[in-house]
Amino acid sequence: MTSPKKPNKTVARKRLKELREQLDYHSYRYHVLDDPEVADVEYDALMNELMVLEEAFPDLITPESPTQRIGAPPSDQFAPVDHRTLMMSLDNCFSLEELLAWGKRVERNIGVADGYVTELKMDGVAVNLIYEDGLFVKGATRGNGRVGEDITANLKTVRAVPLRLRGKYPKIMEVRGEVFMRTDDFEKLNAAAGAADLRTYANPRNAAAGSLRQKDPNVTAQRNLSLVCHGVGYVEGVRFKSHWDSLESLKEFGLRTNPNNRRVGNLDEVYEFCTHWQENRHSVPYEIDGVVTKVDPIAQQEELGYTSKAPRWAIAYKFPPEERTTILMDIFASVGRTGVVTPFASLDTVFVGGVNISTATLHNEDEVARKDVRPKDTVIVRRAGDVIPEVVSPVLSKRPKNTRRWRMPKTCPSCGTELVRNEGESATRCLNAYGCPAQQRERLFHFASRGGMDIEGFGYQTIVTLLERGWLNDVADIYFLKPEQLAELEGWGPRSIDNLMKAIEGSRTRPLSSLLSALGIPHVGSTAAELLASEVGSLEVLENMSAEELEAIEGIGPIIAKSIASFFSEPRNREVLDRLRAGGLRPTGLPRKKEGPLSGTTVVLTGSLEGFSRSEAAAAVEERGGKVGSSVSKKTDYVVVGDSPGSKHDKAVELGLEILDEAGFAALLSKG
């Protein structure tokens with residue numbers, strides 16, 4: 001079997017752009033709107049394709065690429081919490097072959113692993129619990145992996161979260177876990193909400209996430225959430241020898257771990273564990289979507305290290321999704337805020353994996369043609385990862401006679417403008433950016449959403465109503481709404497009007513990064529927005545910078561720089577910004593990164609240190625303004641070498657870098 005031919009650089013550059021746009025969009029739908037459009041398996045396939053292409057063309061990797069992210073951006077609704085050690089996501093595999101391939105990569109780096117730990121992959125919300133002197137002092141969501149949301153008050157209502165540890169506990173400890181809702185509690189919650197004509201949740205994970213983000217902890221307390229702990233982050237005062245040792249210690253401290261966890265000796269036993277739980281996934285009273293496997297010894301974990309987004313010593317084996325068949329009633333096209341027209345399938349409602357599904361995305365014109373799905377077809381619907389619906393394929397044996405292939409409309413279904421599809425792109429677009437009602441509506445919704453200015457109460461139906469009244473034309477009009485206007489609307493009383501006006505008022509001083517995300521500047525996601533806000537400091541400075549000046553900012557590449565400069569040079573955008581300021585918008589800048597004696601210095605750690613755990617050593621560098629690198633390169637300033645160093649030490653010698661032992665590391669921390 002021959003390897004696939006490597007594409008030329010021009011083709012790769014175009015495909016990378018498409019993949020990053022798609023992944024950014026789907027990540028936003030999933031993490032910010034809690035309204036995903038594609039299946040986990042499809043998202044993972046896009047991500048895997050992106051990683052393969054970036055590996056083949058490393059010079060095309062950009063700072064805003066989804067591969068450079070760890071998780072979702074934190075919201076402004078709750079106070080930010082800095083994690084002492086990163087909360088990273090996991091790489092996925094979907095077959096025995098992929099699991100064995102991961103095992104081979106492990107063996108190439110460290111030899112045979114001295115045991116693995118297998119854990120059920122809970123479908124819940126990742127949290128970080130901080131204990132000091134045995135007391136629970138703070139709890140946070142994962143956020144973007146570095147900064148999460150402070151949900152301490154809500155976590156205190158979860159009975160599985162001990163407020164005081166037992167036994168001989170560490171002085172300071174970060175505990176990583178998953179908050180989840182049992183399936184029976186989820187069904188009761190939705191039944192009660194439906195009876196009261198309130199919002200219901202799509203699945204237990206969304207219910208758990210919504211419950212943890214309640215502003216009133218009393219509401220969270222009524223949701224009967226639970227917690228399972230699966231690891232530790234920063235620890236001071238204790239050194240664990242293995243992951244299994246840390247899990248056993250967590251139980252001694254009074255924290256709950258999953259009783260189905262197992263320590264096994266080899267990958268054959270790992271796969272037996274995976275296949276057993278794949279067949280018995282519904283035998284537990286909560287939702288699981290896979291099995292997490294971790295190399296057990298901490299020393300071997302530290303030697304394997306991390307990629308930019310995930311540990312090399314762990315992997316998630318994802319179960320195949322559940323499938324059902326139903327009738328595809330029709331295919332309709334929907335216009336997004338950037339003008340991209342997406343086909344959707346309208347389905348005869350079907351119950352898949354515990355959820356009623358009536359709509360599923362078909363992604364783009366090429367996907368509809370590739371799958372050859374047609375109106376009135378019987379189709380296979382898959383709820384990939386037990387969460388996200390997708391149309392897999394038609395059942396050709398049941399296809400009615402005289403069905404016709406679906407074609408993308410020639411004109412925009414919202415404004416009638418002729419649609420355009422550029423050569424080499426899969427997306428079809430409406431270019432009537434300012435005159436298309438659908439784009440106008442979606443821009444307003446994006447601006448007011450949690451990922452933007454987070455204006456609570458300014459939801460989809462409110463926006464539609466205000467547009468119909470002619471009170472909104474662009475995002476700046478939000479800040480000129482009057483209470484007496486809202487009083488004319490049916491169902492709007494004094495309290496709801498007051499709440500919305502307060503939410504709008506509160507958004508006037510959101511961080512600059514929130515505004516930059518909300519404006520929808522092409523290629524500027526949350527990471528780039530935070531970087532720009534931190535480095536530039538004010539909107540007035542940013543909107544007058546040239547592309548060359550923007551590109552000089554570390555982390556801002558030429559594509560982003562050109563996009564920002566182009567956005568701010570557009571007269572219509574300038575007009576909207578001026579009206580936003582006239583409406584009282586005063587975005588606040590972000591503090592610059594911590595300065596210290598190691599500012600501008602990159603340190604790589606390898607081997608075991610006697611006086612520091614790996615997390616303690618990394619935290620010590622970062623607290624002094626330095627950066628901890630995951631690999632050795634010419635840009636590395638120091639390589640700190642402990643017992644049993646690996647290939648990083650050899651690379652440092654080869655490059656002639658400065659190598660420090662533990663005493664030298666201590667001196668570096670002391671003197672800089």
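This report describes one strand and its pairing partners, one alanine, and two asparagines in a predicted model.

**Strand β11 and its neighbours**

Strand β11, which spans residues 314-318, is mostly covered, since five of its five residues are buried. The cover extends to both faces of the strand: A314, A316 and K318 lie buried on one side, while I315 and Y317 lie buried on the other. The lysine K318 is thus listed with the two alanines A314 and A316 on one covered face of β11.

Two strands are paired with β11. Strand β10, residues 288-295, runs antiparallel to β11 and is joined to it by five bridges, and within this pairing T293 has I315 of β11 as its bridge partner. Strand β2, residues 92-93, pairs with β11 in the parallel sense over two bridges, and here N92 stands opposite A316. Taken by residue, I315 is therefore both a buried member of β11, under the 20% limit for relative accessible area, and the bridge partner of T293, whereas A316, buried on the other side of the strand, is the residue opposite N92 of β2.

**A140 in strand β5**

Which residues does A140 touch, once those up to four places away in sequence are set aside? The contacts of A140 are V81, H83, A126, V127, N128, E149, I151 and L155. A140 itself belongs to strand β5, which covers residues 135-141. With a relative accessible area of 1%, A140 is buried, because that value falls under the 20% cut-off. For a sense of distance along and across the chain, the C-alpha atoms of A140 and L50 are separated by 30 Å, and the two residues are 90 positions apart in sequence.

**Two asparagines with positive phi**

N224 has a positive phi although it is not a glycine, and the same description applies to N402. Their backbone angles and places are set out below.

| Residue | Phi | Loop |
|---|---|---|
| N224 | about 55° | between α7 (217-221) and β8 (226-236) |
| N402 | about 65° | between β16 (388-394) and β17 (428-429) |

Is N224 buried, partly exposed or exposed? At 47% relative accessibility N224 counts as partly exposed, because the value lies between the 20% and 50% limits. N402, in contrast, has a relative accessible area of 77% and is exposed, because this is over 50%.

How values were computed. Residues numbered from 1 in each chain as written. Predicted model: local features only at pLDDT ≥ 70, side-chain atom pairs only at ≥ 80, totals over all residues. Heavy atoms only, no water. Buried < 20%, exposed > 50% of the residue type's maximum accessible area, 1.4 Å probe, protein only. Helix = DSSP H or I, 4+ residues; strand = E, 2+ residues; numbered from the N terminus. Pairing = 2+ DSSP bridges. Contact = heavy atoms within 4.5 Å.
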